[in-house]
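Please open the structure in a viewer and keep the selection tool at hand. The tour below proceeds stop by stop, stating at each one what to select and what is found there.

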Amino acid sequence: METEKLQSPIVHLAPLDQVLALGRANSLWPMTFGLACCAIEMMAAGASRFDLARFGAEVFRPSPRQCDVMIVAGTISKKMEPAVKTLYDQMPEPKWVIAMGNCAISGGPFVFPGQYGIVEGADKFLPVDIYIPGCPPRPEALIEGILELEEKITGSRRWPRVQCG
Amino acid sequence: MDQRSTTDLLYIAAFFLGGLGFAIGPFIIATLFAPRGTRNISRKTNQLIECGIAPIGDAWIRYGVIYYLYALIFLAFDVDVLFLFPVAMAYNKVKALGIGDFVEVVLFVGILSLALVYAWNKGVFEWKRKNYNRQ
Amino acid sequence: MAEMGLAEIKQALSGLAVTDEIEVVKTIPAPPPAEGEEPGKPVEVKEKIQQTMLFTPDYAKKGYHLDVKVTPEDVVTAARILIGQEFFLEAITGVDWIKEGQIEVVYDFNLWQKLCRVVIRTRTDRAKPEVPTISDIYSGANWHERETHDFFGVVFTGHPDLSPLLLPEDADFHPLLKDFKA
Amino acid sequence: MSAEVIDKSLETFVLNLGPQHPATHGVLRVKLTMDGEYIVHAEPVLGYIHRMHEKMGENRTWAQFMPNTGRLDYLAALSYNHGYAMAAERAEGIEVPERAEYIRCITVEMNRIASHLLWFGAFVLDLGGFTPLLYAFDDREQILDLLESVTGARLTFCYFRFGGVYNDIDDNFITGCREFIKRLRSRMPMYHDLVTKNIILIKRLKDIGPISQDMCRRYGATGPVLRGSGVNFDVRKHEPYSVYPEFDFDIPVYTECDSMARYMVRMDEMEQSMRIVEQGLNKLPEGPVMAAKAPKILKPAKGDYYCAVEAARGSFGIRLVSDGTNTPYRLKLRSPTFSNLSLFSEACQGMLLPDALALMGTLDLVIPEIDR
């Protein structure tokens, strides 16, 4: 994964970066990149009940040039891997990757000795920022993943964290 | 050049520069503040987008002529509308026959829409495949 | 039930059924014990009998009505008979019998109007499996055969394009064979 | 378009309706040779989500394969659980108690409604209308809540066991189902008025994408695609299984063979499934939900078995070859959308691209089920 170090922008003002980060964090445009079952949960998250629009992430752009987040939702097979790499390259910087579901994290239920068809995890060839476990993870888990990404971008969490238990 | 026309020229220049600023400004801001270069893992950043697959064949091919005719008709009416702007500005200013201006505009648009009627008869809008070179 | 239809099909396909040698285990009852010694045990003996491989198993348990085993060349004639009787092709399955060194290709046919599921089987040698294609009769078989070629390496002679369907384009391995190592 | 004609017209180019495309609802790639906006030749390319289900079938015990059936067609996963459970029960000869059979039919039909609702939303989204998706998903979430309270999963169910179901349904599931049916019945007229009678939808679907009966037979298409071409073939009536003979419902069949017919078949099927669920809830018998002597380790007798069920997209068949051990020797999954999609390249010959996408929407594809 030879990702050369990104040169910093020409003009580099700290407070301005804060404003930019806040703007980017609250308008993450995901790419319609559903592979398998997790894609249906991603659609359910974008639909009326678990509305992603509340977090500015409901605009699913089909073309990689116009999106910021690649949500890898599903199993990456070895035949699909070059296509995923091309899509990742075609996304403009700054870009992030969310690995949604066990298949994207580690190959999930399709890993067995002698398996010939799938890549065991998106982080084998993508710099993944957020991992969302589950098979498929509930739409709330995807929303929590997006909030986690916002915290990673801006450094502070705007939405209350739900303490379970 | 008396004093009044120079102020008019200044207004136009100001509007022009303002427009230019709004047009070029985002480019400048983007180059200054955006990160340079993109992290890529298979050197495909500038590849044409075709759903993740390398495009097959070349896009510069002999294309169906329907699209060209469609564009021509749009151009004709675009210029037609362009000419209507000054007409709209000078409408009813010159105290000639009240109805004269209206007749002129109708005449002008009528002649141009003849092109549309001609194209309609020739079947440009049916969008059928032109298969004259293959039976 | 599809009795009438079944008898018709059975009669039509009986010409193609292959006669095989099957090992049948027979138990010969022990000979009546003479006075002195203890009674003899029934002895098992394996016998090879000629049997035409055309069965009508009970549908409730097996799920199909007619099971015919044909030689690979007769698959095309069987398919032509069946499309004449308006059957449609449900699936083509490959089974790798590694112990007998054979690959079995199973064709499932079914009817729309009546419930009558017919199974046609063929066996080819495992080293060089070859079965003639029926994709010109049943166009749906085109993809089924490409998939069976992907997984078992069965070469369907006469198939327009046997390139991998589900595996990557340059795949040369056949994963569902029993001796496939990843 | 014969081959030499294509070479003569130099205006054809190859367009990738590739793995990442909003209209393919998954990772199906179609290589389109186009002449302007008309399709000269379409060739679907599969395998981008091949997850080796059949290879896994050969190295797992019979019970361990049940979660896989939930991940084949995850929009109507319960019918796949049903097909696999029934295949093994037939092979082993296990008797399923009456109440479990009723619960199976009720949950399978609710799952079918959820699958058709999602298809309805996604299909109208393909044609350009966004709002029906939000309404359809809202209804679907109601079903998912009900099914989740009983099975524990929203999408990839693993609820059936050999010999019955995992746990019993309780009263608020029954009242919940009745309320849902009342609510959906009140909304269906709105869907029909706003979408089915919409002139744009009619213009996009009427007489578009004809699939003749002969083409259906040659390709083995089943399910709503076949019933849209005038053939009354539904495995629930053709091969009565489980307790479907006890329900009185009919099979919507349209004979126009075009995309509008396939659209109407699915819309009417939602109504039929609701009738089945209602009758199922009224006639739900008491009793155990698990067979008394269901064997812990399943060892079906040697030989091969075939079992077909009516999934939301067509007849899903399982061919089991068992060699008497506790792992299947070979497990073939006959996927309905595999055969439905195989007729796509012949059906969309010479069509406009938007019409071909409308046709692909009416085939109702779930790509991991095609690639298995």
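The tour begins with one whole chain, moves to the contacts between chains, and then visits individual elements and residues. The model is a predicted one.

**Stop 1: chain D as a whole**

Select chain D and display it as a cartoon. Its secondary structure consists of 16 helices and 8 strands. The radius of gyration is 21 Å, close to the 21 Å that the globule rule gives for 372 residues, so chain D is as compact as a globular protein of that length. Turn the chain to view it along its principal axes: the C-alpha trace spans about 70 × 50 × 30 Å. Of the 372 residues of chain D, 58% count as buried. Among contacts in chain D with a separation of 6 or more, 72% are between residues 24 or more positions apart.

**Stop 2: two unusual backbone angles in chain D**

Remain with chain D and select His25(D), in the loop between β1 (12-17) and β2 (29-35). Although His25(D) is not a glycine, its phi is positive, at about 50°. Is His25(D) buried or exposed? His25(D) counts as buried because 25 other C-beta atoms lie within 10 Å, the threshold for a buried residue being 20 or more.

Next select Asp207(D), which belongs to the loop between α8 (199-205) and α9 (213-219) of chain D. Here too phi is positive, about 55°, in a residue that is not a glycine. Asp207(D) has 13 other C-beta atoms within 10 Å and is therefore partly exposed.

**Stop 3: where chain A meets its neighbours**

Show chains A and D together. How many residues of chain A are in contact with chain D? There are 28, and they meet 25 residues of chain D. Two elements of chain A, α2 (37-46) and α3 (81-90), each give two or more residues to this side. The largest share, 4 residues, comes from α2(A). By class, the side of chain A that touches chain D has 17 nonpolar, 8 polar and 3 charged residues.

Now replace chain D with chain C in the view. In this pairing, 5 residues of chain A are in contact with 5 residues of chain C. The side of chain A that touches chain C divides into 1 nonpolar, 2 polar and 2 charged residues.

**Stop 4: helix α3 and the nonpolar core**

Return to chain A and select α3(A). Its buried residues are Ala83(A), Val84(A), Thr86(A), Leu87(A), Tyr88(A) and Gln90(A). These buried residues pack against β1 (69-73) of chain A.

Then select Met70(A), Val72(A), Ala73(A), Ile98(A), Ala99(A) and Met100(A), which touch the most other members of the largest nonpolar core, a set of 210 residues. Helix α5 (residues 98-126) of chain D gives the most to this core, with 17 residues. In soluble globular proteins, nonpolar side chains tend to be buried together.

Centre the view on Met100(A). Beyond its neighbours within four places in sequence, Met100(A) is in contact with Cys38(A), Met42(A), Ile71(A), Val72(A), Ala73(A), Ile132(A), Pro137(A), Leu142(A) and Gly145(A).

**Stop 5: two cis peptide bonds in chain A**

Select Glu93(A) and Pro94(A) with their backbone atoms shown. The peptide bond joining them is cis, with omega near -5°. Pro94(A) lies in the loop between α3 and β2 (96-100) of chain A.

Proceed to Cys135(A) and Pro136(A), which are also joined by a cis peptide bond, with omega about -10°. Pro136(A) is in the loop between β3 (130-132) and α5 (139-154) of chain A.

**Stop 6: strands of chain C**

Select strand β7 (residues 118-125) of chain C together with β4 (residues 66-69) of that chain. The two strands pair in the parallel sense over 4 bridges. Within this pairing, Lys69(C) has Arg121(C) of β7(C) as its bridge partner.

Add strand β6 (residues 102-111) of chain C, which runs antiparallel to β7(C) and is joined to it by 8 bridges. Gln102(C) has Asp125(C) as its bridge partner in β7(C). The strands β6(C) and β7(C) form a hairpin, with 6 residues between them.

Finally, select Phe55(C), in strand β3 (residues 54-55) of chain C. Phe55(C) counts as partly exposed because it has 15 C-beta neighbours inside 10 Å. Draw a distance from its C-alpha atom to that of Gly158(C): the two residues are 30 Å apart in space and 103 residues apart in sequence.

Terms used: Residues are numbered from 1 along each chain as its sequence is written. Chains are lettered from A and ligands numbered from 1 in the order in which they are written. This is a predicted model: local features need pLDDT of at least 70, side-chain atom pairs count only at pLDDT 80 or more; totals for chains, interfaces and linings use all residues. Two residues are in contact if their C-beta atoms, placed from the backbone, lie within 7 Å. Ala, Val, Leu, Ile, Met, Phe, Trp, Tyr, Cys and Pro count as nonpolar, Asp, Glu, Lys and Arg as charged, and the others, Gly among them, as polar. A residue is buried if 20 or more other C-beta atoms lie within 10 Å of its own, exposed if 12 or fewer, and partly exposed in between; C-beta atoms are placed from the backbone. A nonpolar core is a set of buried Ala, Val, Leu, Ile, Met, Phe, Trp, Tyr and Cys residues joined through C-beta atoms within 7 Å. The radius of gyration is taken over C-alpha atoms; the globule rule is 2.2 Å times the number of residues to the power 0.38. Two strands pair if DSSP finds at least two bridges between them.
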